[in-house]
Amino acid sequence: MKRTGLSRKAIYVYEERGLLTPTKGSQGYRDYSEEDVERLLLIAKLRELDIPLEDIARLLKSPEETDILMQKHFDQMEKSLEETMRKLSQMRTILYNLPPNGQLDDFIRATKIAIPEAAAITAARYLSEDPTLSSARRLTMYMNEAFLDVPLDTPERWDAWYKLLDQMDRLSSKIWDGFEAYYGNMTSDQKYEDYRLRRALVVGYTKYTGEDEQKKGDEIISGLSRLLSDPDYLGRWQRYYQLVVAPSSRKDPLINTEELLAVLSTVYFSYNNEFNKIMDTLVYPYLKTEAGRRLCGQLKEVLRGDYDLSPLAMIYFDFWNNTLEKLMV
């Protein structure tokens, strides 16, 4: 209690929730280790940030998901702050338009001026519209978090991380618009589920057997065929392609993303190699058959300028088909 500043009751509650497990002696006394003290201090800091105990338990159990959970709460707090700022602006407007010793009609007139007021609402949303480094981090995570599984415990890894952030900070507004169109309106739970789906997809590739490769090749070909038979599915892919794939496909001449991911990921290259193997041995050979050439011709006619069967575009197609498409439909 002296070391952490926490009350006896708080410590017992955290213990009951499984956040720490001190040893117990024969007399029933709890014996707290230095590790327990450090954990209690961490819990206290997270509670200071209003992070609920269930999420703290998840964080302590799966520390590799820390940034996902922290981003979730950052988004929630940012949204709450924007709402508070909007209300403050409206109240300021009401006060400005209230005469001394005003009557009820004066108050009604002032509220009509203040709520809604386009200028006040716009001003209240400036935080989400300012492309700061926090936004660059958010975009970096959207694009790469399924691969990022190495702790930043060396100068080389920190340098690679900052270079990724610099790359995102230089991107055009089009890519920001694309990701905001999909992730900007997602709930925190949807974002978290999206990450879990993407991570499961990436890790799954690193464990593929020959049978798994055949299933994945068939899945990709089936997805391409579905574009011809399902207009709604086609429309969703075209929108995602235009908003996300096309802007993201442009190379940054100053940064080699693959080299950076090699430093920051244990799965990137095994995933990438497995995906390319499936494309080279199963998908592309099929597209050269008579049925495949017919499919390509029909896709080219339907997709027009959005027709792209390159490995990079197919990676996006596979990700979209197994994550956002499942999550949003």
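Which residues of H13 are buried? In this predicted model, the buried residues of H13 are Tyr233, Leu234, Trp237, Gln238, Tyr240, Tyr241, Val244, Val245, Pro247 and Ser248. Helix H13 covers residues 231-248. Its 18 residues should span 26 Å at 1.5 Å a residue, and the end C-alpha atoms lie 24 Å apart, which agrees. The helix is nevertheless kinked, by about 45 degrees. The kink is centred on Tyr241, one of the buried residues. At the N-terminal end, Asp230 acts as a cap for H13. A side-chain oxygen of Asp230 is 3.2 Å from the backbone nitrogen of Asp232.

H13 also contributes to the largest pocket, as one of the elements that give two or more residues to its lining. This pocket holds about 790 Å³ of space. It is lined by 36 residues. Closest to the pocket centre are Met143, Asn144, Ser248, Leu312 and Tyr316. Of these, Ser248 is also among the buried residues of H13. Two or more lining residues come from each of H8, helix H9 (155-170), helix H10 (173-183), H13, helix H14 (257-264), helix H15 (268-287) and H17. H17 provides the largest share, with six residues. By type, the pocket lining comprises 22 nonpolar, nine polar and five charged residues.

Enclosed space was examined next. Rolling a probe the size of a water molecule over the atoms shows where empty space is left. Two cavities of 30 Å³ or more were found.

The largest cavity has a volume of about 150 Å³. Its lining consists of 16 residues. Ile68, Gln71, Tyr142, Glu145 and Lys191 lie nearest the centre of this cavity. Helix H4 (66-96), helix H8 (133-144) and helix H11 (188-205) each supply at least two lining residues. H11 gives the most, with six. The lining of the largest cavity contains eight charged, six nonpolar and two polar residues.

The second largest cavity has a volume of about 40 Å³. Leu224, Leu227, Trp237, Leu303, Asp306, Tyr307, Asp308, Leu309, Met314 and Phe317 line it. Helix H12 (210-229) and helix H17 (311-322) are the elements that give two or more residues to this lining. Trp237 is part of the lining too, and it is one of the buried residues of H13. Eight residues of the lining of the second largest cavity are nonpolar and two are charged, with no polar residue.

Note on methods: Residues are numbered from 1 along each chain as its sequence is written. This is a predicted model: local features need pLDDT of at least 70, side-chain atom pairs count only at pLDDT 80 or more; totals for chains, interfaces and linings use all residues. Side-chain values use heavy atoms; hydrogens and water are left out. On a 1 Å grid over the protein atoms alone, a cavity is a set of points where a 1.4 Å probe fits but cannot get out, and a pocket is an open set with protein on both sides within 12 Å along at least five of seven lines; lining residues have an atom within 4 Å of a point. Grid points are joined across faces, edges and corners, and a volume is the space filled by probe spheres set on the points. Helices (H or I, at least four residues) and strands (E, at least two) are DSSP runs, numbered from the N terminus. Ala, Val, Leu, Ile, Met, Phe, Trp, Tyr, Cys and Pro count as nonpolar, Asp, Glu, Lys and Arg as charged, and the others, Gly among them, as polar. The expected span of a helix is 1.5 Å times one less than its number of residues. The bend at a residue is the angle between axes fitted to the seven residues ending there and the seven starting there. Buried means under 20% relative accessible area, exposed over 50%, partly exposed in between (1.4 Å probe, protein chains only). A polar contact is a pair of N or O atoms within 3.5 Å; within protein, one must be able to donate a hydrogen and the other to accept it, and residues adjacent in sequence count only if both atoms are side-chain atoms.
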